[in-house]
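Visitor: I would like a close look at one small part of this chain, with enough of the surroundings to place it. Could you take me through it?

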Amino acid sequence: MPGSGQKRVLINLATSLVAVVACTVVYYLLPIGRFGLFGTVNAVVIFAVGLLAISALIMFQVRRFRIEGARHGSSMAGVVAALYLAVLFFATVYFGLAAQDPGSIAALRTKTDALYFSLSITSTVGFGDVHAVSEFARAVAAVHMTFNIGFLAAAVAVVRAKAGRPNGT
């Protein structure tokens with residue numbers, strides 16, 4: 001059917017855009033930093049569970065794209081949404097950390113600052129205007145960088161390998 005490939009690409013782009021916008025709206029609506037810290041143990045457990053959930057989601061979406069990418073256009077949208085959700089997860093952690101310990105991350109005062117910091121770490125740009133100051137904030141940033149090396153690199157490798165094959169097979 002002529003034009004069905006273009007239609008699939010447009011649907012895929014629209015799906016990715018809607019997922020990114022929806023995740024961003026939810027991020028800004030979360031009441032992070034308003035209710036005090038539950039305690040160190042609870043915060044660590046919540047962080048670990050969240051990180052495991054995001055990791056599993058990314059691996060699921062990457063595997064789905066690797067296996068079904070040529071047949072299901074939404075697979076790439078799932079990979080993009082899962083990776084962006086990881087960015088928002090870390091932004092939420094940074095915002096919560098800065099709310100509990102205001103000097104722990106320099107110049108981080110708003111959720112937009114936290115999103116900017118998370119995106120700068122994920123993209124490896126790191127302008128330096130917002131940066132981890134405390135030892136704990138640096139440890140969280142180090143976990144974020146390690147996460148990026150593992151999961152972002154895996155996702156990019158699968159997408160590149162899939163794109164390099166004839167007919168996406």
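Visitor: In which loop does Thr124 lie?

Guide: Happy to help, and please keep in mind that this is a predicted model. Thr124 is found in the loop that runs between α4 and β2, the strand at residues 131-132. For a computational chemist the backbone is a good place to begin: phi of Thr124 is near 60°, a positive value in a residue other than glycine. As background, most residues other than glycine have a negative phi. As for its surroundings, Thr124 counts as exposed, because its relative accessibility is 68% and the cut-off for exposed is over 50%.

On the other side of α4 there is a residue to set beside Thr124. Ala107 sits in the loop between β1 (105-106) and α4 (111-122). Its phi is near 65°, again a positive value in a residue other than glycine. Ala107 is partly exposed, because its relative accessible area of 32% falls between the 20% and 50% cut-offs.

Now let us step back to the whole chain. Its secondary structure comes to five helices and two strands, and along the sequence these follow the pattern α-α-α-β-α-β-α. Of the 169 residues in the chain, 36% are buried. Among contacts between residues at least 6 apart in sequence, 71% join residues at least 24 apart. The accessible surface of the chain is about 9,900 Å², and carbon and sulfur atoms account for 70% of that area.

One helix gives a useful view of that surface. Helix α1 covers residues 4-29; with 26 residues, α1 reaches 37 Å from its first C-alpha to its last, close to the 38 Å expected at 1.5 Å a residue. Leu17, Val21, Val25 and Leu29 make a nonpolar surface patch of about 390 Å². A general point about geometry helps here: an α-helix has 3.6 residues a turn, so residues three or four places apart point the same way. Within the patch, Leu17 counts as exposed because its relative accessibility is 55%, again set against the cut-off of over 50%. By contrast, Asn12, Ser16, Thr24 and Tyr27 of α1 are buried.

To come back to where you started, Thr124 is an exposed residue with a positive phi, placed in the loop between α4 and β2.

Definitions and conventions. Residues are numbered from 1 along each chain as its sequence is written. This is a predicted model: local features need pLDDT of at least 70, side-chain atom pairs count only at pLDDT 80 or more; totals for chains, interfaces and linings use all residues. Side-chain values use heavy atoms; hydrogens and water are left out. Helices (H or I, at least four residues) and strands (E, at least two) are DSSP runs, numbered from the N terminus. Buried means under 20% relative accessible area, exposed over 50%, partly exposed in between (1.4 Å probe, protein chains only). Patches are made of residues with over 30% relative accessible area and no salt bridge: like charges are joined within 9 Å, nonpolar side chains (Val, Leu, Ile, Met, Phe, Trp, Tyr) within 5 Å. Accessible areas come from the Shrake-Rupley method with a 1.4 Å probe; for residues, only the protein chains shown count as cover. A salt bridge is a side-chain nitrogen of Lys or Arg within 4 Å of a carboxyl oxygen of Asp or Glu. The expected span of a helix is 1.5 Å times one less than its number of residues. Contact means heavy atoms within 4.5 Å.
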